[in-house]
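Please open the model in your viewer and keep the sequence beside it, since each stop below asks you to select something and then look at what is there.

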Amino acid sequence: MRRFCTLVLAGVVTIFSNSCAQQKPQSQQLLAEEYRTTASVKDIMDSMVDPGADYIWGSVETVVSAKGVEEKAPHTDEEWKNVRRHAIMLMEATNLLQIPGRHVAKPGEKADDPKVELAPEQIEEMINKDRASWIKYAHGLHDAAMEAFKAIEAKDKDKLLDVGNGIDEACEKCHLQYWYPNERKPESAPSQRESSSSKS
């Protein structure tokens, strides 16, 4: 009787294990069928991430020129609404980047600067080998953009200026991981956010 119970229990465990093993690929297949990933990662970066981040950075800045020092910030409701739209675009772009099955670039597309950047197929291989890290970086950008969104909702231009570097740092961490991992960022080099806040 004991042996019979053991065999039955072993059979149940085997069936449960096989069921779980089959369920994961099926879930991934359903996701692939549900979403239509027309745009590549590079497309989303170029069309949503870069414009969204640039608009947020440019909305509050100190511009130094021959004319003097100009403090730029949203003032009207419409101006704040435009910044808000770009913050939402940036946050939701991070979700689009996480959809399974999305390719890094179009077939045959090359790196913008092959001397510095990895080839798209190399980047995609790195992402597929460790999607948990890719998700972590996407979440990091989302969290940084959320801080900007909170400042925008509060119409707090000083806070928005303060959190702008968080977006730049989140982008740079991901780029150093995937796009140009062999490049060391000089410690003295200004961030993208700092560079954009001063114009001659």
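**A helix pair, a hairpin and a loop**

Select helix 3 and helix 5 to begin, and you will find that helix 3 passes helix 5 in a left-handed crossing, meaning that the near helix is turned anticlockwise from the far one by less than a right angle. This is a predicted model, in which local features need pLDDT of at least 70 and side-chain atom pairs count only at pLDDT 80 or more, while totals for chains, interfaces and linings use all residues. Residues are numbered from 1 along each chain as its sequence is written, and side-chain values use heavy atoms, with hydrogens and water left out.

Helix 3 covers residues 77-97 and helix 5 residues 131-153, and they pack at an angle of about 165 degrees with their axes 9 Å apart; the two are therefore roughly antiparallel to each other, a term for angles over 145 degrees. Axes here are lines fitted to C-alpha atoms over the stretch in contact, and angles run from 0 to 180 degrees between N-to-C directions. Helices are DSSP runs of H or I with at least four residues, and strands are runs of E with at least two.

Next, select strand 1 (residues 61-65) and strand 2 (residues 68-72), which run antiparallel and are joined by five bridges; strands pair if DSSP finds at least two bridges between them. The two strands form a hairpin with two residues between them, and T62 has E71 of strand 2 as its bridge partner.

Finally, select K155, in the loop between helix 5 and helix 6 (157-178), where this residue has a positive phi of about 55 degrees although it is not a glycine.

Notes:
Parallel < 35°, antiparallel > 145°, perpendicular 65-115°, else oblique.
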